[in-house]
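Me: I am new to this structure and would like to work through it by question and answer. Could you take me from the overall picture down to single residues?

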Amino acid sequence: DFSLSVVARIPSANLPVTGGLVGISPNSATAGALNAFSVAIGTSGQLLVRLCAADLSNYRYLSLASFVANYGGNIQRITVTRLSGTIAVYINKVDVTASLSESTTGTAPASVAETVAGQYIGVGYGLSTELYNEAIVAVDVFNYGLTSAWVSELFDIGLTAANRWAANYSS
């Protein structure tokens, strides 16, 4: 389980190329590597959450349509969490998971519970050519899945000193 949260200025118009916000990858040059995970903004203005399997032709995409149209021109906090094999996406602490559409590529697409190899954290890029040219204010990476209550706390006040470590949280 893991979580990523990024605070970034969302462009007010669709991007000419996909813009990677943050990714976890075993490769320092791209978030499109084997067993990688990334969050990006697509050229149609959609928010993209991507998981790559152990084969580069096998991806699972979760996308939120009209992301730029609905949130563009302002700074937003996007939080993606995987907890017990389930992915949830929050925009400014509002759970938008039910609005996501899912698509896959290849014959054996990555599962939601796919291993994510996290030797590198990339900020401002996704796949090797997906540079993000807007402001990225903050990135938080957690080696555990955040609950919706923790996502709200992160948005409202940041994680308190007493709650910065997973061992301090109780279900």
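Me: What percentage of the 171 residues in the protein do buried residues make up?
Reply: The model is a predicted one, and its values are computed from the atoms. A residue counts as buried when its relative accessible area is under 20%. By that cut-off, the buried share of the 171 residues in the protein is 48%.

Me: How many helices and strands are there in the protein, and what pattern do they follow along the sequence?
Reply: The protein contains two helices and eleven strands. Reading along the sequence, one meets these elements in the pattern β-β-β-β-β-α-β-β-β-β-β-β-α.

Me: Of the contacts in the protein with a separation of 6 or more, what percentage do residues 24 or more positions apart account for?
Reply: Contact here means heavy atoms within 4.5 Å. Among the contacts with a separation of 6 or more, the share that falls to residues 24 or more positions apart is 65%.

Me: What is the order of the strands in the open sheet of five strands?
Reply: The pairing in this open sheet is antiparallel. Its edge strands, each of which pairs on one side only, are E8 (94–95) and E11 (136–142). Read across from one edge to the other, the order is E8-E7-E6-E1-E11.

Me: How many bridges join strand E7 to E8, and which residue in E8 is the bridge partner of Tyr90?
Reply: Strand E7 covers residues 86–91 and runs antiparallel to E8, with two bridges joining them. In E8, the bridge partner of Tyr90 is Asp95.

Me: Which helix packs on the sheet?
Reply: The helix in question covers residues 148–156, and it touches strand E1 (2–9), strand E6 (75–83), E7 and E11. Its direction makes about 155 degrees with that of E6. The helix that packs on the sheet in this way is H2.

Me: How many bridges does E1 form with E6, and how many with E11?
Reply: E1 pairs with E6 in the antiparallel sense, and in that pairing Arg9 stands opposite Ile75 in E6. E1 also pairs with E11 in the antiparallel sense, where Ser3 stands opposite Phe142 in E11. The bridges number eight between E1 and E6, and six between E1 and E11.

Me: How many of the eight residues of E1 are buried?
Reply: The strand E1 is described as mostly covered. Of its eight residues, the number that are buried is seven.

Me: How many salt bridges does a search of the whole structure find, and how far apart in sequence are the parts tied together by Glu134 and Arg9?
Reply: The search of the whole structure finds four salt bridges. One of them joins the side chains of Glu134 and Arg9, at 2.8 Å from N to O. Glu134 lies in the loop between strand E10 (120–123) and E11, whereas Arg9 lies in strand E1, so the parts that the pair ties together are separated in sequence by 125 residues.

Me: Is Arg60, which meets Glu102 in a salt bridge, buried or exposed?
Reply: The side chains of Glu102 and Arg60 meet at 2.3 Å from N to O. Glu102 is in strand E9 (residues 101–104) and Arg60 in strand E5 (residues 59–64), so the pair ties together parts that are 42 residues apart in sequence. Glu102 counts as partly exposed because its relative accessibility is 46%. For Arg60 the relative accessibility is 14%, so this residue counts as buried.

Me: Which residue forms a salt bridge with Arg77?
Reply: Arg77 is placed in strand E6, and it is buried, with a relative accessible area of 13%. Its partner lies in strand E11, 63 residues apart, and counts as partly exposed at 23% relative accessibility. The closest N and O atoms of the two are 3.0 Å apart, and the partner is Asp140.

Me: At what distance does a polar contact join the side chains of Arg77 and Ser5?
Reply: Leaving aside neighbours within four places in sequence, Arg77 is in contact with several residues, among them Ser5, Tyr90, Asp140 and Phe155. The side chains of Arg77 and Asp140 are joined by a polar contact of 3.0 Å. For the side chains of Arg77 and Ser5, the polar contact has a distance of 2.7 Å.

Conventions
Residues are numbered from 1 along each chain as its sequence is written. This is a predicted model: local features need pLDDT of at least 70, side-chain atom pairs count only at pLDDT 80 or more; totals for chains, interfaces and linings use all residues. Side-chain values use heavy atoms; hydrogens and water are left out. Two strands pair if DSSP finds at least two bridges between them. Helices (H or I, at least four residues) and strands (E, at least two) are DSSP runs, numbered from the N terminus. Axes are lines fitted to C-alpha atoms, for helices over the stretch in contact, and angles run from 0 to 180 degrees between N-to-C directions. Buried means under 20% relative accessible area, exposed over 50%, partly exposed in between (1.4 Å probe, protein chains only). A polar contact is a pair of N or O atoms within 3.5 Å; within protein, one must be able to donate a hydrogen and the other to accept it, and residues adjacent in sequence count only if both atoms are side-chain atoms.
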